[in-house]
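Colleague: Please take a close look at one helix-helix contact in this model. Give some context from the chain as a whole, and state the cut-offs for the terms.

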Amino acid sequence: MPQEAAFARLVEALGQEAFAEARARLLAASGDLGLAPSADAVDLGALLSCAYPGLAQPILARPADLVAIAHRLRLARSVRAYRRIAATLVPSLDDEAGLRHGLRVFAQRERLRVAARELLLQPGVDVDTTARELSDLADASIDLALDEARRWAEDRFGAPRTSSGARCRFVALGMGKLGGRELNCGSDVDLLLLYETDDGAVVQGGRETELTLHEHFARVARRLTETLSDVTDAGFAWRVDLRLRPEGPRGPLVNALAAAERYYETWGRTWERAALLRARPVAGDLDLGREALAALAPVVWRRTVDPRIAAEMLALVHRARAEISEDPARDLKHGPGGIREAEFFVQSLQLVWGGRDAALRVSNTLEALRVLRGRGLVTDRESREVADAYLALRRLEHRVQFATQLQTHTLPSGEAFLGLARTLGFSSTHELEAHVAKVREVVAARMASLVAPWDAGVAARDLDRVFSALDEGDEERILAALPAGSALATPDAARHLRALAARPDALLGSVTRDRHPGLAPVLIEALADAADPEQAARLLAAFISRLVTPGVYARPFAEDPHVVRRLVGLLGASAFLGQAMVGHPELVDRLMFAKGPPDERSPSVAVDEELAAVAAEIDDVEVFADALRRAKARVTLEVGLADLSGEIDHRRATFVLSALADAILSRAVARSLAEHGLEGGLAVIAMGKLGGREIGYGADLDLIFVYGAGEDLAEPYVRAAQRVMRLLSTPSGAGPGYELDTRLRPSGNQGLLVVSLESFARYHGESASPERAEAGAGDWERQALLKARFAAGDARVGDEVLRVARRAAYERGAPPAVRLHHMRMRMQKELTRERREGDSARFDLKLGRGGLVDVEFATQWLQMRHGDDPRVRTTDTEIAIGALEACGYLDASIAETLRQGYRFLRRLQTRLRVLHGTSAQLLEVGAEGLTAVARGMGMRDGPSLAAADALIARYREVTRDVRTAYLAVLGVDEDATGTVPPPPFGGG
């Protein structure tokens, strides 16, 4: 079994004797059914039966499920993967009995797989991941059942048509936990069913029937519900709950969109607004679902800020507790400080502020919490505490439901509770009860803070002493005045606080405190709650010191405490972004009050705005270069802030950063050509990560310069290219430029900086000669050309260059796998500084074993091997993996391993860079800041493993799986040998 350590720990915790007995029962049951499952499958079934007694009987009844899941535990399933699996179990929608049976086997088997993943793979696979998988499983099931229900209804009653004759659309909106992609294993699926319009008819045989559209879709709804929830010999697929529809249980099962709008506009109550907040189209016509949510948005998201919403939400919690909970003290969901309060803490703030800020309109609790933190509506500490508490409660809730197979939120007692405690790494029930009590206390306090009078977290008496010490400028007195437990109670932080009060008009100065008495408590609280309080205080003091009149920010900060929290949160979360902010104080207003994250159009707009601002002096080359630097700093900060707040994912961040490089390149090339009297003729080809639109923070740019004129006309193009390089890379007071790398040009460092199109074509034609091909001399160059993309300059020349590049890269087949593998092993051995074992272990995300280059080499080798198929020709690694899988050139499970491994490693690389601002790609055990990186990757401290250790464990698992997939693609052993010249540098 691949999860040996976790497996052994769990068997020890649950008891060797119980495990042996469960194993014997499973072997006997398998023999009775004529099955001979592998030892891994039997061990897995026995462990699940011990950990989750409610699963024991289903496992004994269907041991074949274990065979199907035992060797595929590490990979998460997407909706697409679930649909593919469902299609093998439900081959036809025309066979009602076969569909219902197959759907139940599918749902139950995959829920068993999720239970195993969560048990064995934590903390790398935490409850938020498995809840998302369960939600995607439900999406696929509902979509399949709805397809069958619509076909069944149309075969019997006719086709629903609008008045225009078009097919009337229908959608299932997921509500509650399904809508937020937070489903439990024991959850109902909450659905809101809508159809397009009542204006139309049901048509059969070319004639209208007497059936109304509403009656038709009511039958579809009943059929859908029965298909999912009826109990058969195989059990049920999902319990369906339609009570969140307009008018609840008394209302119709389905509603036309217009009718739903009228209801919510007239009668919509706070709890219904909160329910719609989490709505998400899950099956049917997803475009109709998005139209419905847009139409209902004014009901949910109101422009008026009404803080009373929090009190209403808390009243709903108390009402539900009184009406539903039989034992509030042991109720994980409805009890004091339970899951519902954590969810309502987040939803209350969304409802209060979401009418003014569309970024807050997300359905997932943890995603919403990240955005709230990024917007300054909660502090970093509040965000951490609520997220950790929510995950801890959800983790335990999942354990309870997996163990009992019941829809319950109540903690068990006795031996059952002890078993749950042990699966979570606690040694006793007392230890777990203490943990739960602490977690619930945190949640209850945070929810109460929304309705209680504001508390700065520092007693007024303590604040008075701090202010008195600040006025005297005595760092020792400041330190003594701060509460002993405060995160600011360090000599360094005290020094920075003194700097923030050094002038009367500074943010903590005496004049500012008199004019804006509410600002200082908010600022001190925000600093204390930052991810790194000392760093936040240091960078804020440095920022304020750059201002001629620091008091200019006092009033806007006092009027909008969220901006203070947002700024301080940024400074505490990322030294890289914080230092950039200090270097560009003029960007604070733009960034702190920004509405919405940047997109791929933003960089071009930013560059043009910065150039337009200096139009009168644009002929000065330094002024021009400084404008480009300001645009780079501005967009990089915008991307980083959105990245930290969770408003964009790492992939979108790389797209915007790549678009920024393209925009700056384009302006620099245009200016350089004009300076040298050239009207086009020069193309800049992006290579490496820029070619794939995958560059990150602090990345260099791999470029090739090609001109279209004859070889004897090179000189002006060489000068133009040199000017471009200076414009992009020369240090400037306005900020750093880009590091440029042109070693991917023909002949590398020995070749000319600028090459003619004729020479480029000749070189890459010669690289295909039998002698060079036999020696492998052109392999790395062909790989590099897979990433070639026109970035700037003359598009006509660029098209010709890419035509040559594609011929060289795709039309000559793949080099021998063993030769490519030998080159990969040389890079790993000679260019990395990895140490994979010991307390000082160090991992290279890019070049190390199972790193990014493994994914890229495997993908690129397949692209070259199947290059005659235009569908696999792309510079984007993730798109290439998907295309190779879709075309049948890459096994689906290997594709998923490569895809998930690549995403994990790229996200980790981005987290390292946004925190530290360097292009370093090393992950080091025990390194400073590793815990912050781990938390940024979603890891949490657990009873048996700290977040940083969990990240290292997850990294080991991912890179081990990636290396296995890489070897499988190339069909070689790890120690396979061959001969090949090494690339002239460390990869692209």
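Modeller: The answer starts with one helix pair, then turns to a second pair, a loop residue and the whole chain. This is a predicted model, in which local features need pLDDT of at least 70 and side-chain atom pairs count only at pLDDT 80 or more, while totals for chains, interfaces and linings use all residues. Residues are numbered from 1 along each chain as its sequence is written, and side-chain values use heavy atoms, with hydrogens and water left out.

Helices (H or I, at least four residues) and strands (E, at least two) are DSSP runs numbered from the N terminus. Helix H31 covers residues 621-645 and helix H34 residues 714-729; they pack at about 55 degrees, and their axes are 9 Å apart. Axes are lines fitted to C-alpha atoms, for helices over the stretch in contact, and angles run from 0 to 180 degrees between N-to-C directions. H31 is therefore oblique to H34; angles under 35 degrees count as roughly parallel, over 145 as roughly antiparallel, 65 to 115 as roughly perpendicular, and the rest as oblique.

On the H31 side, Val 621, Phe 624, Ala 625 and Arg 629 meet Arg 723, Arg 726, Leu 727, Leu 728 and Ser 729 of H34, contact meaning heavy atoms within 4.5 Å. These residues divide into five nonpolar, one polar and three charged. Here Ala, Val, Leu, Ile, Met, Phe, Trp, Tyr, Cys and Pro count as nonpolar, Asp, Glu, Lys and Arg as charged, and the others, Gly among them, as polar.

A second pair is H12 (residues 270-277) with H15 (residues 339-353), at about 100 degrees with axes 11 Å apart, so the two helices are roughly perpendicular. Arg 273, Ala 274 and Leu 277 of H12 meet Gln 347, Gln 350 and Leu 351 of H15, a set of three nonpolar, two polar and one charged.

Gly 696 sits in the loop between helix H33 (688-691) and strand S10 (701-707). Gly 696 has a relative accessible area of 14%, so it is buried; buried means under 20%, exposed over 50%, and partly exposed in between (1.4 Å probe, protein chains only). Apart from neighbours within four places in sequence, Gly 696 is in contact with Leu 657 and Arg 913.

The chain has 44 helices and 15 strands, and 58% of its 988 residues count as buried. Residues 24 or more positions apart account for 74% of the contacts with a separation of 6 or more.
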